[in-house]
Amino acid sequence: MSSAGRTAREQAIYDSLVYPGGNVLRNKLDITDQAALDQAEAEAMALREPTRPIFKKFTLAEMQAVHKHLLGLVYDWAGQIRNYTTGRSEVASFARPEHIESYFEAAVRKPLQREGYLKGAGREPFAERGAHLASEINAVHPFNLETAVDRLLSSGNPHKR
């Protein structure tokens, strides 16, 4: 992960989340190999997905509940809002921790609410708005997401970590 302008305090927080000497996230299974951790995440998510909480208003709290439900078997911090600065590069950071909630509200939840949660949208408008909103969620980047899902979503990004 890029340090993307982290303060010393934020760097200490990030360092506490990864195993020394690398970027593999500390986890409940004590897996230090990234490929093995990716597999464990995938298995945990597949196991938990059928019973995940349902989004009703697409709030950040609902996202937190889903994140915790899907990844709570793997990470103690699952569902907690990220509290350090991160990004794709030194110059391209995601929302700073103190702006995560307000940015999510303004860029994701309120537009979705105004647009009736895209209910009844045709295929193309739904795809266009859905892609835009997915991009906004990525820009918010609310969780400590150097998970397999995040790496998959950023695999086409030339600035990937």
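Helix α1 (residues 8-17) tucks away E10, I13, Y14 and L17, which are buried (under 20% relative accessible area with a 1.4 Å probe on protein chains only; exposed is over 50%). Looking down the axis of α1, these buried residues sit within an arc of 95°, so they line one face of the helix; the arc is taken from the directions from the helix axis to the C-beta atoms. On the face turned away from that buried side, you'll find the exposed residues A8 and R9.

A word on the model: this is a prediction, with local features needing pLDDT of at least 70 and side-chain atom pairs pLDDT 80 or more, while totals for chains, interfaces and linings use all residues. Residues count from 1 along each chain as its sequence is written, and side-chain values use heavy atoms, leaving out hydrogens and water.

Next, the loop between α1 and α2 (34-48), where N27 lies. Here are some N27 details.

| Item | Value |
|---|---|
| N27 relative accessible area | 11%, buried |
| N27 side chain to L25 backbone oxygen | 3.0 Å |

Leaving aside neighbours within four places in sequence, N27 is in contact (heavy atoms within 4.5 Å) with Y19, L37, V74 and Y75.

Now for the second largest pocket, which holds about 240 Å³ of space. Its lining includes F55, K56, F58, L112 and Y117. Helix α5 (residues 123-140) gives the most to that lining, with four residues. By class, the lining has eight nonpolar, one polar and one charged residues.

Technical notes
Helix = DSSP H or I, 4+ residues; strand = E, 2+ residues; numbered from the N terminus. Polar contact = N/O pair within 3.5 Å; in protein donor to acceptor, adjacent residues only side chain to side chain. 1 Å grid on protein atoms, 1.4 Å probe; cavity = no way out; pocket = protein on both sides within 12 Å on 5 of 7 lines; lining within 4 Å. Points joined across faces, edges and corners; volume = space filled by probe spheres on them. Nonpolar A, V, L, I, M, F, W, Y, C, P; charged D, E, K, R; others polar.
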